[in-house]
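Dear colleague,

As agreed, I am handing over the structure, and my notes on what was found in it follow below. Please read them with the coordinates open beside you.

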Amino acid sequence: MRLADIADLVDIGDADPNSPVAAIASDSRQVAGETLFFAVPGTKTDGAAFAADAASAGATAVVADGAAAVNGLSIPVFRTDNVRRALALSAARFSCGQPQTMVAVTGTAGKTSVVSFVRQIWRHAGLQAASIGTTGVNAPGRDDYGSLTTPDPISLHALLAELAASGVTHGAMEASSHGLEMYRLDGVELAAAGFTNLGRDHLDFHADAEDYHRAKMRLFRQLLPKDAPAIVFSDDPWSERTIAAAEEGGCEILTVGRLGTFLRLERCEQLQDGQRAQILHAGHHYEVDLPLAGEFQMANALVAAGLAISTGSESGSVFAALRHLKGASGRLEKVGATKDGAAVYVDYAHKPEALENVLRAVRPFTTGKVVVVFGCGGDRDPGKRPIMGEIAGRLADTIIVTDDNPRSEEPALIRAAILEAVSDAIEIGDRRRAIEVAVDMLGPGDTLVIAGKGHETGQTIKGDTLPFSDHEEARRALAEQESDPAAGTAS
Ligand SMILES: CC(=O)N[C@H]1[C@@H](OP(=O)(O)OP(=O)(O)OC[C@H]2O[C@@H](n3ccc(=O)[nH]c3=O)[C@H](O)[C@@H]2O)O[C@H](CO)[C@@H](O)[C@@H]1O[C@H](C)C(=O)N[C@@H](C)C(=O)N[C@H](CCC(=O)O)C(=O)O
Ligand SMILES: Nc1ncnc2c1ncn2[C@@H]1O[C@H](COP(=O)(O)OP(=O)(O)OP(=O)(O)O)[C@@H](O)[C@H]1O
Ligand SMILES: N[C@H](CCC[C@H](N)C(=O)O)C(=O)O
Ligand SMILES: [Mg+2]
């Protein structure tokens with residue numbers, strides 16, 4: 001790339017437009033020769049404070065917001081009015097390439113599930129497809145564990161170019177509210193975008209629910225090209241406001257759900273390990289089997305089907321693919337059953353609406369007790385703790401409150417905040433022990449939901465992440481119960 005390639009994004013002044021840009025960086029610690037350093041004001045510190053470090057490390061110029069205090073450097077400073085956006089668009093031009101058909105999904109819950117479903121639908125049709133999100137990158141021959149839901153723009157655009165070069169033509173990615181607000185996915189050319197729902201999340205980052213919704217709506221107002229399809233789940237309290245935002249963005253609005261007009265869910269019957277639905281699309285009724293429990297998964301499947309159909313997949317083949325969908329790892333995933341047949345699920349519900357949904361989802365096929373093990377993350381919105389306690393108290397019969405990534409906080413205080421709203425819960429800080437106790441108390445017809453960590457492979461306590469997997473712990477507890485003749489008899 002040459003400076004001329006980004007001269008419309010940043011004011012390069014009298015610098016030589018032919019100067020090569022060998023790399024771009026927003027972290028001074030990653031600067032090497034001929035690098036353009038973007039000084040980004042962050043949540044913890046200001047990149048401008050590291051401009052001199054970047055210069056010493058070999059940066060050829062710094063890009064900074066108009067008002068940023070970047071002075072007295074030996075290298076030029078190029079000004080721009082939005083350094084985060086300039087960074088993302090420059091990263092797109094630098095990496096140069098992405099799968100031809102890219103779709104993005106936003107919403108409080110369901111993003112990971114939807115992108116996984118879209119990828120599976122495309123693969124079913126024989127396409128080279130990838131998904132990118134909380135659980136990582138999944139592409140033909142590739143399954144990398146992830147860290148951020150929406151990667152930073154430099155890594156994201158490099159990844160998209162790499163996927164395209166490896167032959168991936170179709171990609172589905174999650175658009176988190178952080179990612180949208182921080183301009184991480186600007187520069188991705190989107191063919192369609194989807195919305196699942198809005199609930200309480202990240203109120204440690206966004207001022208309030210309106211602000212959180214506004215951040216998500218950048219996807220439709222600013223990122224999705226005019227006339228491109230916006231697939232909106234129709235049955236959420238925030239659906240109407242989302243439709244209004246997508247209208248402002250000039251998108252083609254396609255609603256899916258019970259109130260949907262593009263895909264209308266006419267009937268949905270819950271079975272123990274799945275569901276059967278009738279869907280109306282373009283005047284035809286389709287009988288659809290989904291091998292996943294919980295009506296929320298039907299909502300996710302409809303958004304996924306809407307994204308695939310609106311970007312060119314044939315509807316019959318899409319509905320046929322739903323029959324084979326596998327849930328994303330740790331999303332109401334059945335990991336086993338006791339010898340009495342009580343089912344044990346691992347789920348990623350770590351926010352109020354998700355917990356409410358998952359506990360409601362298991363009730364129809366639970367003839368005994370619903371048992372839940374959960375906690376709340378440290379250094380994250382403390383307001384959700386009593387709310388989740390109240391939900392568990394209302395919807396589960398037995399509640400075990402445990403730890404879930406306490407991070408820098410005192411674990412007992414997090415538990416106490418949950419227990420404030422649910423006084424009859426059992427408190428067991430050690431998550432391994434909590435899972436063992438829960439499995440041991442299961443009787444015939446009971447269901448255990450271990451919520452909050454889903455696919456995660458660690459427990460973060462005071463800066464250390466210790467290996468921990470709800471899947472492994474549940475399987476271990478089940479195996480121990482299997483070999484202990486006295487177990488499983490508690491009520
Ligand atoms: C709040 C947040 O999202 N922070 C992310 C953000 O950091 P930031 O922009 O605030 O950066 P900062 O630490 O204040 O530093 C400012 C700038 O100085 C630079 N710097 C800093 C130090 C130095 O020596 N030199 C230097 O140049 C930094 O690289 C940065 O550009 O950009 C960083 C680089 O991309 C991310 O690593 C970091 O994610 C943190 C670790 C994080 O935990 N983010 C979570 C909350 C997040 O993004 N979650 C969402 C939603 C999850 C979901 O709902 O599924 C996600 O998309 O994953
Ligand atoms: N459509 C939905 N409506 C309500 N709850 C849902 C829905 N889909 C999933 N959930 C619940 O939310 C949890 C997380 O689902 P998923 O990972 O698909 O969402 P996400 O939006 O990617 O979440 P995150 O932002 O945390 O990555 C699930 O384990 C389940 O409990
Ligand atoms: N992306 C979410 C994941 C939370 C998962 C939960 N296990 C926790 O640690 O709170 C967050 O960073 O808020
Ligand atoms: Mg996710």
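The shell around ligand 1 takes at least three residues from domain 1 (3-82) and at least three from domain 2 (97-323). Please keep in mind throughout that this is a predicted model. In that model ligand 1 has 19 residues around it, and the closest of them are Gly-42, Thr-43, Thr-149, Asp-152 and Ser-176. Sorted by class, the shell around ligand 1 consists of 12 polar, 4 charged and 3 nonpolar residues.

Two of the residues named there, Thr-149 and Ser-176, also appear in the UniProt record, where an unreviewed entry places the feature "binding site" at Ser-28, Thr-149, Thr-150, Ser-176 and Arg-184. These annotated positions cover 157 residues of sequence and are spread in space as well, with up to 25.1 Å between C-alpha atoms.

I looked at two of the annotated residues in further detail. Thr-149 sits in the loop that runs between β8 (142-144) and α4 (153-165), and Thr-149 counts as buried because it has 20 C-beta neighbours inside 10 Å, where 20 or more is the requirement. Leaving aside residues up to four places away in sequence, Thr-149 touches Gly-133, Thr-134, Glu-174, Ser-176 and Gly-179, and Ser-176 is itself one of the positions that carry the UniProt annotation.

Arg-184 belongs to another loop, the one between α5 (177-181) and β10 (192-195). Is Arg-184 buried or exposed? Arg-184 has 26 C-beta neighbours inside 10 Å, and therefore counts as buried. With the same exclusion of residues up to four places away in sequence, the contacts of Arg-184 are Ala-88, Thr-150, Pro-151, Asp-152, Pro-153, Leu-156 and Gly-179. Gly-179 is thus listed both for Thr-149 and for Arg-184.

The strands that come before the loop of Thr-149 may also be of interest. Strand β6 (residues 129-133) and strand β7 (residues 136-139) run antiparallel and are joined by 3 bridges, one of the partnerships being that of Ser-131 with Asn-138 in β7, and a hairpin of 2 residues connects β6 to β7. Strand β7 is in turn joined to β8 by 3 bridges, again in antiparallel fashion, and here Ala-139 has Arg-142 in β8 as its bridge partner. The hairpin of β7 and β8 likewise has 2 residues between the strands, and within this hairpin Gly-141 takes a positive phi near 75 degrees.

Turning to ligand 2, its shell draws at least three residues from each of domain 2 (97-323) and domain 3 (333-482). There are 25 residues around ligand 2, of which Gly-110, Lys-111, Thr-112, Ser-113 and Ala-354 come nearest. Two or more residues of this shell are given by each of α3 (111-124), α8 (295-310) and α10 (352-362), and α10 provides the largest share, with 4 residues. By class, the residues around ligand 2 are 11 polar, 9 nonpolar and 5 charged.

Finally, the residues that surround ligand 3 are His-350, Gly-377, Arg-380, Asp-404, Asn-405, Gly-452, Lys-453 and Glu-456. This shell divides into 4 polar and 4 charged residues, with no nonpolar residue in it.

With kind regards

How values were computed
Residues numbered from 1 in each chain as written. Chains lettered and ligands numbered in written order. Predicted model: local features only at pLDDT ≥ 70, side-chain atom pairs only at ≥ 80, totals over all residues. Near = placed C-beta within 6 Å. Nonpolar A, V, L, I, M, F, W, Y, C, P; charged D, E, K, R; others polar. Domains from an automatic or database assignment. UniProt positions renumbered as here; feature names shortened; annotations may be inferred. Buried ≥ 20, exposed ≤ 12 C-beta atoms within 10 Å, placed from the backbone. Contact = placed C-beta atoms within 7 Å. Pairing = 2+ DSSP bridges.
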